[in-house]
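The following exercises concern the packing of a protein chain. Please study the sequence and the structure before attempting each task.

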Amino acid sequence: MTYAERISKALDKLPNEISLKVATDIDKRISDWLSGDGHKADDPYILQQVRFAENAVKVYEKKEGLK
């Protein structure tokens, strides 16, 4: 599964309001990163953004008592 697919899968588990905020933040961070010289879509920094999305889901589910 690609990083983009993992982010999308995580965001699908969040309500639209939260998903939009997280997606906007991640999109900005990744866009800024990729604009740098030599930065690639498979860099560890991008994986960090994947983990951010997945952790947002964990926090939401815990807060809502879903898991």
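**Exercise 1.** Determine how the axes of helix 1 and helix 3 are arranged in this predicted model.

*Solution.* Begin with distance and angle: the two axes come within 9 Å and cross at roughly 15°. Angles under 35 degrees count as roughly parallel, so helix 1 is roughly parallel to helix 3. As to handedness, the crossing of helix 1 and helix 3 is left-handed.

Next, identify the residues involved. Helix 1 contributes Tyr 3, Arg 6, Ile 7 and Ala 10 to the contact, while helix 3 contributes Ile 46, Leu 47, Gln 49, Val 50, Ala 53, Glu 54 and Val 57. Finally, sort these residues by character: eight are nonpolar, one is polar and two are charged.

**Exercise 2.** State which residues touch the most other members of the largest nonpolar core, and which helices supply this core.

*Solution.* The core has 13 residues, and those touching the most other members are Ile 7, Leu 11, Leu 14, Val 22, Ile 26, Ile 30 and Ala 53. At least two core residues come from each of helix 1 (3–11), helix 2 (16–34) and helix 3 (44–64). Helix 3 gives the largest share, six residues.

Val 22 may then be examined individually. Apart from neighbours within four places in sequence, Val 22 is in contact with Leu 11, Leu 14, Phe 52, Ala 53 and Ala 56.

**Exercise 3.** Is Lys 9 buried, partly exposed or exposed?

*Solution.* First locate the residue: Lys 9 lies in helix 1. Its relative accessible area is 47%. Buried requires under 20% and exposed over 50%; Lys 9 is therefore partly exposed.

Technical notes:
Residues numbered from 1 in each chain as written. Predicted model: local features only at pLDDT ≥ 70, side-chain atom pairs only at ≥ 80, totals over all residues. Heavy atoms only, no water. Core = buried A, V, L, I, M, F, W, Y, C linked by side-chain atoms within 4.5 Å. Buried < 20%, exposed > 50% of the residue type's maximum accessible area, 1.4 Å probe, protein only. Helix = DSSP H or I, 4+ residues; strand = E, 2+ residues; numbered from the N terminus. Contact = heavy atoms within 4.5 Å. Axes fitted to C-alpha atoms, helices over the stretch in contact; angles between N-to-C directions. Parallel < 35°, antiparallel > 145°, perpendicular 65-115°, else oblique. Left-handed = near helix turned anticlockwise from the far one by under 90°. Nonpolar A, V, L, I, M, F, W, Y, C, P; charged D, E, K, R; others polar.
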